[in-house]
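Biologist: I am new to this structure and would love a close look at a single part of it. Could you pick a stretch, walk me through it slowly, and then step outside it for a few points elsewhere in the chain?

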Amino acid sequence: MAANFWTSSHFKQLLDPEEVDVVHQQDKDKGITLEEFKLIKMHMANYIMKLAQNVKVRQRVVATAVTYMRRVYTRRSMSEYDPCLVAPTCLYLASKAEESTVQARLLVFYIKKLSSDEKYRYEIKDILEMEMKILEALNYYLVVFHPYRTLSPLLQDAGMNDMSMTQLSWGLVNDTYKMDLILTHPPYLIALACIYIASVYREKDITTWFEELRVDMNVVKNISMEILDFYENKMIADERISTAFLKLALKP
């Protein structure tokens, strides 16, 4: 793995939000809207987290898997890359990339356990075949830097590394993977945005600390607003997710 974010393939692959918010033509032809596209990705991120809890892998593996899944759909349509297979395969690939390998047969066991539909009860060969397609879609670039890496040092530097602030900030970072922020912003800025939200919520004034960092606070605040907007809009009816999957002729 690259040691420096600024020289890594992750940095070189950062995208503008306009490049991420694109519904591929094959999905458009099925009536998938941008809102539904985002909903499906969020739903599959949750599915990856649920699978990860069962196979017992670290949060970092989950974060990498979700990043892979989101990267794939900037380049491939959901019509040709079934989200219900892409999600667990990304978890399988991420477990290897993060040196926390999950056996394919264990993953398949829990996929079957969590699915009531025979159509989506995949076998090992399905995972392995999709793994090769995902590697190709990712151009074999598997390096991912996460906000977790800088979160603890930043909290310590700000003098806010008590248990309450750490847990709140960490939880906020976890939730950013339900959005596309990891594709559009450097991880340290996502970490700073989460610290900023946590400081406001806990009524801790760290304005001076931010000034000393000399970061662009407009960017930090914009990322913070994206996170807060997500919380405002996350009370989404299950029917809307089901409708989106029906359009893809898939089942969530």
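Modeller: Happy to! One definition helps before we start: a residue counts as buried when its relative accessible area is under 20%, as exposed when that area is over 50%, and as partly exposed in between. Please also keep in mind that this is a predicted model.

Let's look at residues 149-229. An unreviewed UniProt entry lists "domain: Cyclin-like" for residues 46-136 and 149-229. Over residues 149-229 the chain is 77% helix and 0% strand, and the C-alpha atoms at the two ends of this stretch are 25 Å apart.

A good place to begin is C194. Its relative accessible area is 0%; that is under 20%, so C194 is buried.

Next, find H185. This residue sits in the loop between α11 (181-184) and α12 (187-201). Is H185 buried or exposed? With a relative accessible area of 14%, H185 is buried, because that value is under the 20% cut-off. Setting aside neighbours within four places in sequence, H185 is in contact with L14, I190, I223 and E226.

Now move to helix α14, which covers residues 217-233 and holds L228. The relative accessibility of L228 is 36%, so L228 counts as partly exposed. Although L228 and I197 are 31 residues apart along the chain, 8.5 Å separates their C-alpha atoms.

Now for the points elsewhere, starting with another cysteine. The structure holds zero disulfides. C84 is in none, and the nearest cysteine sulfur, which belongs to C90, is 13 Å away. A pair of cysteine sulfur atoms would have to be within 2.5 Å to count, so C84 and C90 do not form such a pair. C84 is buried too, at 6% relative accessibility.

Finally, here is a pair of helices. Two packed helices are described by the angle between their axes and the distance between the axes. For α4 (residues 34-55) and α7 (residues 104-114), the axes come within 10 Å and cross at roughly 120 degrees. That angle makes α4 oblique to α7, because it falls outside the range of 65 to 115 degrees for roughly perpendicular and is not over 145, the limit for roughly antiparallel. On the α4 side, the contact is made by Y47, K50, L51, N54 and V55; on the α7 side, by L106, L107, Y110, I111 and L114. The crossing of α4 and α7 is right-handed.

Technical notes:
Residues are numbered from 1 along each chain as its sequence is written. This is a predicted model: local features need pLDDT of at least 70, side-chain atom pairs count only at pLDDT 80 or more; totals for chains, interfaces and linings use all residues. Side-chain values use heavy atoms; hydrogens and water are left out. UniProt positions are given in the numbering used here, feature names are shortened, and annotations may be inferred rather than shown by experiment. Helices (H or I, at least four residues) and strands (E, at least two) are DSSP runs, numbered from the N terminus. Buried means under 20% relative accessible area, exposed over 50%, partly exposed in between (1.4 Å probe, protein chains only). Contact means heavy atoms within 4.5 Å. Axes are lines fitted to C-alpha atoms, for helices over the stretch in contact, and angles run from 0 to 180 degrees between N-to-C directions. Angles under 35 degrees count as roughly parallel, over 145 as roughly antiparallel, 65 to 115 as roughly perpendicular and the rest as oblique. A crossing is left-handed if the near helix is turned anticlockwise from the far one by less than a right angle, and right-handed if clockwise.
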